[in-house]
Structure formats: C-alpha cells, structure tokens
Amino acid sequence: MEKDNPMTSETTPGDGVQKLHFYQKGTFTVGNRLVSSDERSVQSSIDRSNALTCGHRACQGCGEALGARYAIDTAMEAAGGNLIAVNATGCLEVFTTPYPESAWQLPWLHSLFGNAAAVATGVAAAMRVKGRREVRVVAQGGDGGTTDIGLQCLSGMFERNDDVLYICYDNEGYMNTGVQRSSATPPAARTATTPVLGDEPGNVFGTGKSVPKIAVAHEIPYVATATVADLRDLEAKVKKAMSIHGARYIQIDVPCPLGWGAASHETIHLARLAVETGFYPIFEAEHGRVTSVRKIRHQVPVTEYLKLQKRFAHLFKGDKVDPRVARLQARCDANIAEYGLLDAA
Amino acid sequence: MLKQIEGSRAMAEAIALCRPEIICAYPITPQTHIVEGVGALVRDGTLQNCEFINVESEFAALSVAIGASAAGARAYTATASQGLLFMAEAVYNASGLGLPIVMTLGNRAIGAPINIWNDHSEAMSMRDAGWMQLFAETNQEAVDLHIQAFKLAEEMSMPVMVCVDGFILTHAVERVDIPQQEDVDTYLPPYEPVQVLDPADPISIGAMVGPEAFTEVRFLQHYKQQQALSLIPVLADEFEDLFGRRSGGLLRTYKTEDAELIVVAMGSVCGTIKDTIDELREEGFLIGLVTLISYRPFPVDQLRDALAEAEHIVVVEKSVSVGMGGPLANDIDLALRNMAHPPRLHSAVAGLGGRPITKNSLADLFRQSLVQPWEGTHFLDLNERIVARNIHRSRKVRRSGPIAENLIRQMATEN
Ligand SMILES: Cc1ncc(C[n+]2csc(CCOP(=O)(O)OP(=O)(O)O)c2C)c(N)n1
Ligand code: SF4
Ligand SMILES: [Mg+2]
C-alpha cells in the first residue's frame with residue numbers, strides 16, 4: 001500500500017509526520033467493515049455478484065475495468081440481480097468477451113459502437129411488455145461511444161426519458177483502436193490523432209464537449225459524474241440512480257494507463273488528482289439542476305496531475321514552462337469556480 | 001374481411017394482427033402511412049400489449065428492435081431508401097445476431113439525386129446483409145407476406161424484409177382481404193426465442209469472434225437461408241390451407257409452360273408484365289413470366305427448373321449496380337449457368353426513380369430481344385438525346401456543373 005494512501009493514513013499539513021489514522025464511520029472509505037451491514041458498500045460484501053468477473057483481458061491498472069466492476073455490481077445489488085447490460089463497442093466490450101469466453105455473469109448484449117442507448121431502450125421496452133418490470137437495464141460505453149458516435153442515440157434515449165441507466169467510462173480517448181482523440185480528450189493531450197507536432201502539439205484548446213452538461217440540459221431525472229478514486233461515492237451514485245426510473249446518466253473518470261502513458265499503479269492516484277485539481281468536476285444533477293458537488297479540501301496544482309502522464313510530457317520538455325500549462329490551470333480554476341468546489345459547505 | 005383500403009393501411013392492419021410487442025419507427029416517404037397506421041392501432045387499443053416508440057433516426061429504430069428482439073419481444077420496424085442506408089450497420093448486426101425482426105421496405109430510390117419515388121435500389125443495397133427479402137406483387141400479397149414473414153423469421157431466427165413498391169403499392173387504394181385475428185393466431189404462434197436476455201439464465205450475446213470461428217458463423221447463416229428455401233413454400237402452403245388463397249412461396253409462374261421467352265421480375269411491375277404478355281400472346285408470341293418473390297434466399301434450383309425450357313430470358317429489374325449492370329440479371333445468370341443449353345439472357349433496367357413502366361415499352365423490349373438482342377444492360381425508355389447532349393457538354397466544358405440540374409434544364413428548354 002502506498003504511504004500516502006488516504007484510505008489508511010493522513011498527512012497533517014505542517015508537521016511533516018505521517019500519522020496513521022483509520023477513517024471509519026461517516027466517511028466513504030473503501031471496504032468499511034465497521035459500519036452497520038445495511039450501510040456497507042457493495043464491494044465489501046461477500047455476496048457481491050461479481051457481474052464482471054476475473055479472467056478478462058484489460059491492461060493492468062485499467063480504470064475502466066475497475067469502474068465497470070463497481071458500477072455494475074452496485075446496480076446488480078440494487079436490482080436484486082435482475083439486471084441486463086447493453087455494451088457499446090470499445091475496450092470494455094473487447095476485453096471482457098474474447099471468443100469463446102465471457103467475463104460477464106449477467107445477461108449482456110453487444111450490438112454496435114454507436115447504438116447502446118437505443119438497444120437498451122429496446123430491452124427496457126421489451127421487459128415492460130413482457131410484464132417483467134423488476135428487470136432493470138444499464139447501457140455502458142466508452143467516451144467515444146458516448147460523446148461522439150453514440151450521442152444521437154443517447155440524446156434520443158434521454159429525451160424520451162427511457163428507463164435506462166447509461167454509464168460512460170470516460171478515459172478521454174478512443175483507446176480500443178489505439179488511443180485516438182475523442183471529443184472528451186482534454187486540450188494539449190497527445191493522442192495518435194493529435195500528435196506532438198506543429199505549432200500546437202497535442203489536442204487543440206477550445207474544442208470538446210461536456211456530455212454531463214448536455215445530459216443535464218435534457219432535464220433527465222439524474223445525472224452524475226464519478227471517479228474510480230472514490231469508489232464508495234461511485235457506488236452511492238449508482239445506487240441512487242437505480243432508485244429512480246427514467247433516463248439516468250453517470251460518467252466515470254477512468255484513467256487508462258496505456259492511453260495516458262501512466263504507470264499502472266497510478267490509476268487511482270491520477271483519478272484522485274483529477275478531482276483535487278479541479279480537472280474533473282464531480283457533481284450530481286436532478287431534473288436539470290445541479291444538486292450536489294464533491295468539494296475539494298485543498299486544490300492541487302494541475303502540474304502534479306499532468307506530470308504523471310506521458311500524454312502531457314511535451315508541456316514540460318524545455319526549460320521554460322509551456323504557457324499551455326497555465327491554460328490548463330485556468331480550466332481547472334474555472335471548473336472550481338463554476339461548481340463552487342472550494343466553497344465552504 | 002374484404003375492404004377497399006389503402007395498401008399501407010392494409011399492411012398496418014396485417015402487422016397488428018401479428019401482435020408485435022415493440023414497434024419503432026422513423027418517418028420516411030413512402031413508408032410513413034404504414035407506421036402511422038400501426039401507431040394508431042396501438043393508440044386506440046386495437047393492438048394490445050405493444051409499445052410504439054418514436055425514435056430519432058432509422059439507426060435507432062432498428063437498434064431498439066435489436067434490443068427488444070434479444071430481450072424476447074416480437075419486434076417490427078419499417079423504412080425505405082435513405083432510411084435503410086442510415087441503419088445499414090444495424091441491418092447487418094441484426095442478422096449476424098440472428099434476431100427475427102420483421103421490417104417493411106416501402107421501396108424507394110436512393111439519392112443523390114434525391115428522389116422519393118419507387119425502385120428497388122435500397123433493397124438491393126442490402127441483399128448481402130443476411131436478411132431474407134420477400135417481394136410483394138400486390139397489396140393482398142403484401143398483407144399476406146407480413147403474416148408469413150413473422151413466422152419465417154421466428155422459425156429461422158433470422159430477420160426478414162418485406163419489400164413493397166413505394167406508392168404503387170403503399171399508396172394504392174384497392175380491394176384487400178384482411179385476415180381474421182383467430183386465423184392469424186392459429187397460423188402464427190407466440191414468439192419463442194432461441195436466445196434471450198434473462199437474468200435467470202445470463203448469457204452474453206454479441207461477443208467478439210475472431211478468425212477461428214467467423215467463417216463458421218457466416219456459413220451457418222448461409223446454411224439457414226438454404227434451409228429457408230424449403231420452409232418458404234411450406235409456409236405458403238400452410239397459409240393457403242388456412243386462409244384459402246395462394247400468396248408467397250419462392251416464385252410464381254405465369255404462362256411459362258410453352259413459352260419461348262420468359263420474363264423474370266419482382267414486385268408490382270409483374271401486373272403490367274402479365275397484361276403485356278396477354279396482349280402479346282394474342283399475336284402468337286409465346287411468352288411467360290416468372291415472378292420472383294424470395295430474392296434472399298435466392299432459389300437457384302427452382303429458377304433453373306422454371307426457366308430451363310425457354311430460349312430467351314428477359315430480366316426486368318428496378319435497380320442498377322453502377323459499373324456492372326442489373327444485379328437480378330446477374331443472379332439469374334447464376335441459375336442458368338451449368339445448363340447444357342442455357343437460354344439467352346437479356347438484361348433490362350426499368351422504372352428507376354419512379355419512371356412508369358408502360359405496356360408499350362415492355363412489348364417493344366420483349367420483341368426486340370428476339371429480333372435485335374442487345375449487349376449488356378438495356379435502360380428501358382432512356383432519353384438518349386439528353387444523355388448524349390450531356391456527355392458532349394461535359395467533354396467540352398470542364399466545369400460542366402451538376403448533372404441532375406443540367407438534365408432538368410435541358411429538358412425544360414427542349415419542351
Ligand atoms: C461504426 C464504427 N466506427 C468505428 C469503430 C472502431 N472502434 C471500435 S472501438 C473504438 C474506440 C472506442 O473508444 P471509446 O468508446 O472511448 O471506448 P474505449 O475503448 O476508450 O474504452 C472505435 C473507434 C467501430 N467499431 N464502429
Ligand atoms: S487500453 Fe486503457 S481502457 Fe483499454 S484495457 Fe487498457 S487500460 Fe483499459
Ligand atoms: Mg475511451
């Protein structure tokens with residue numbers, strides 16, 4: 001276990017000494033076994049469904065595999081095991097179902113790259129006409145399958161308020177095809193289609209979109225962003241989403257060691273830094289209104305996040321600091337201001 | 001029950017009699033009246049236990065049907081032309097997954113130039129997509145084929161397109177016998193899926209398949225369609241026993257026994273061709289017709305039997321494979337191959353983008369095939385003058401402009 005892991009230890013600013021301190025009740029600490037059983041996280045239960053089980057082919061440290069495992073197990077618990085998953089094409093689909101194996105222990109359907117939301121609409125409608133209202137439906141896909149090629153089907157599903165929970169695993173690029181740019185790729189990031197060449201190396205500023213905001217604009221019952229750095233919060237959000245009927249959207253920040261050029265043991269760390277820098281705002285919205293945000297205790301400078309990833313390495317090449325680092329910092333600051341991430345509770 | 005009814009409305013009633021559970025649709029002329037019709041039957045409670053879902057595109061329409069079908073529901077959609085192309089990826093997906101969806105095509109040309117009128121281009125564009133494709137000659141047959149299509153699809157676990165000529169059938173008001181619900185219920189049992197998404201018995205559908213088994217998956221699809229060649233006539237027989245009329249089957253012959261020339265065609269144009277044949281026979285021209293109903297699966301053996309005795313075959317088809325010629329003629333050629341003395345094949349493309357196919361033009365075509373056969377593909381009633389002028393103009397002027405606009409301007413100035 002890393003020495004700065006806040007699950008087990010806390011550094012008190014100023015004294016320079018690490019005090020061991022177990023967070024217990026009242027926190028979202030992973031694997032908390034001291035709380036009452038109904039408060040316990042799904043991940044700490046020996047009865048968890050392991051809907052995405054072992055043996056799949058994800059890279060070591062894959063944030064997407066981790067996010068999917070927690071999200072789907074939570075949804076499984078909330079649905080009493082009556083869950084069907086529809087998967088878009090992408091890493092998650094490919095690494096879980098290498099012929100002739102499947103790592104899924106729930107009914108699972110993969111149709112195409114851009115139609116997961118619509119296919120899920122069909123499954124949900126079929127369950128209604130079949131009189132099986134207890135069966136719930138999740139659709140899941142990567143950021144490319146969601147924010148780009150699948151956006152039309154997603155918007156249609158939102159707009160009709162179909163009874164589907166859509167989960168987007170956002171690793172900020174088309175990873176399955178070899179790390180190309182998507183509309184969720186952050187500015188300056190190197191991808192195979194935004195190479196470190198020319199006047200503006202990496203992904204250009206002033207592009208991209210926020211699908212969580214687009215989802216909020218549809219005024220659907222529930223929208224949330226989440227992160228694999230805070231699995232208990234992810235669980236709580238999935239659980240909440242499952243308590244609601246109608247269109248729901250959860251987008252999870254899932255670092256991709258391969259695509260981001262990061263060490264596989266840094267996945268959780270990176271996801272946490274993305275939150276603490278303001279790079280990835282974590283919030284919930286209901287019926288078109290933001291209802292809660294995950295506050296930041298201490299804002300971390302964006303360089304700490306960027307420096308761990310080779311996709312941003314070109315920003316730190318010369319002796320001078322690349323001015324685009326300041327632009328990325330400004331982006332984080334804007335997020336913090338917009339969502340009030342540093343405001344007192 | 002006999003009704004004087006618009007084709008689309010009649011089809012909508014027939015589809016409702018099949019008790020689909022999920023209907024999803026996106027509007028496109030000339031399919032609109034069909035889905036409006038079934039939508040109304042859901043709304044007014046005639047069709048119970050069915051959800052009608054208005055989606056945002058044809059791609060979504062078929063995707064919803066894919067999800068519904070995989071979840072065990074009887075799913076239906078309809079489209080035409082651009083809409084079929086917009087859903088193309090899902091068309092292949094539905095058949096690859098083996099989902100027995102039924103889809104009506106109100107056959108219409110594909111743009112550019114954009115054109116809302118009838119031909120068979122869009123159906124042909126999906127002929128290799130793994131769906132079975134049945135072509136209706138009349139609105140009565142369109143009604144009957146839908147009922148057979150659900151049964152065929154579900155028995156084979158393979159999707160079926162029912163192809164009906166846009167406007168000519170979809171918008172024609174004529175006498176149609178609408179079957180009774182009890183009879184349809186007897187003919188078509190409830191859908192019993194071969195694979196289904198069920199939490200009680202979790203399976204993965206749509207997993208990746210590599211070189212080690214992909215050929216086998218495709219072979220099994222092909223094998224199933226070959227099996228369907230035996231099933232389609234059986235379904236037509238059963239239908240005839242129950243409903244008292246002959247509809248569907250693989251193909252139908254008209255006055256072919258003694259024919260020296262046999263025409264092959266699909267869809268509503270067969271009516272015009274039969275009238276032409278009757279008139280030509282009065283002149284002593286021994287001519288007959290094979291109406292092909294099942295284009296996929298393609299009944300090679302049955303066609304060979306039906307065409308073997310003729311000296312000439314004229315294929316009249318409403319589509320063109322640009323750069324090759326008539327796709328149906330090409331397929332018919334396959335059926336004639338390996339015959340000791342194959343009839344001579346003549347290929348004609350007619351009725352593109354809704355151009356009327358007249359008896360006069362057909363009669364000339366059939367006569368010409370005997371006395372002055374042509375090479376390659378003949379475009380019936382082609383306006384050779386404006387084509388020649390356009391070719392000439394585009395040779396002379398580099399920036400000769402858009403072809404469609406030029407042709408229309410030329411025609412306007414000539415009139
Ligand atoms: C219509 C279509 N276009 C392109 C592809 C190729 N493709 C498959 S997966 C993929 C990338 C997936 O990216 P994303 O959705 O972000 O998921 P990730 O692999 O990053 O988890 C692409 C481009 C495809 N399968 N289908
Ligand atoms: S490429 Fe990235 S998203 Fe794909 S399996 Fe590897 S770590 Fe996971
Ligand atoms: Mg991605």
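What spacing do the donors of the magnesium ion (ligand 3) follow along the chain? They run D-x27-N-x1-G. This is a predicted model, so everything below is a reading of computed coordinates.

**The magnesium site**

The protein donors of ligand 3 are A:Asp143 through OD, A:Asn171 through OD1 and A:Gly173 through its O, and they sit 2.0 to 2.1 Å from the ion. A:Asp143 belongs to helix α4 (residues 143–148) of chain A, while A:Asn171 is in the loop between β6 (165–170) and α6 (211–217) of chain A, so the pair ties together parts that are 28 residues apart in sequence. Both A:Asp143 and A:Asn171 are buried.

**Where the chains meet**

Next, the interface. Chain A puts in 37 residues and chain B 40 residues. Between them the two chains bury about 2,900 Å², with 62% of that on carbon and sulfur atoms. On the chain A side, the residues losing the most area to chain B are A:Tyr99, A:Leu112 and A:Val129, which together make up 21% of what that side buries.

**Nonpolar cores**

Here are two of the cores set next to each other.

| Core | Residues in it | Some members |
|---|---|---|
| Largest nonpolar core | 97 residues | A:Tyr249, B:Val91, B:Ile332 |
| Another core, apart from it | 52 residues | B:Leu41, B:Met132, B:Ala136, B:Val162 |

The three members named for the largest core are the ones with the most contacts inside it. Helix α3 (residues 116–129) of chain A gives this core its largest share, 11 residues. Over in chain B, domain 1 (2–243) and domain 2 (254–379) each supply at least three residues to the same core.

**A helix and a strand in chain B**

How does helix α7 (residues 139–156) of chain B compare with its expected span? At 1.5 Å a residue, its 18 residues should cover 26 Å, and the end C-alpha atoms are 25 Å apart, which agrees. Of those 18 residues, 17 are buried, so α7(B) is largely enclosed by the rest of the structure. Just past the helix, B:Ser157 takes a positive phi of about 50°.

Strand β6 (residues 132–135) of chain B holds B:Gln133. Is B:Gln133 buried or exposed? Its relative accessibility is 0%, so B:Gln133 counts as buried. Beyond its neighbours within four places in sequence, B:Gln133 is in contact with B:Ala123, B:Met126, B:Arg127, B:Met161, B:Ile293, B:Ser294, B:Tyr295 and B:Arg296.

Key:
Residues are numbered from 1 along each chain as its sequence is written. Chains are lettered from A and ligands numbered from 1 in the order in which they are written. This is a predicted model: local features need pLDDT of at least 70, side-chain atom pairs count only at pLDDT 80 or more; totals for chains, interfaces and linings use all residues. Side-chain values use heavy atoms; hydrogens and water are left out. Donors are N, O and S atoms within 2.8 Å of the metal (3.2 Å for Na, K and Ca); water is not among the atoms, so sites may look incomplete. Helices (H or I, at least four residues) and strands (E, at least two) are DSSP runs, numbered from the N terminus. Buried means under 20% relative accessible area, exposed over 50%, partly exposed in between (1.4 Å probe, protein chains only). Contact means heavy atoms within 4.5 Å. A nonpolar core is a set of buried Ala, Val, Leu, Ile, Met, Phe, Trp, Tyr and Cys residues joined through side-chain atoms within 4.5 Å. Domain bounds come from an automatic or database domain assignment. The expected span of a helix is 1.5 Å times one less than its number of residues. Buried area is the accessible area (1.4 Å probe) that two parts lose on being put together, summed over both.
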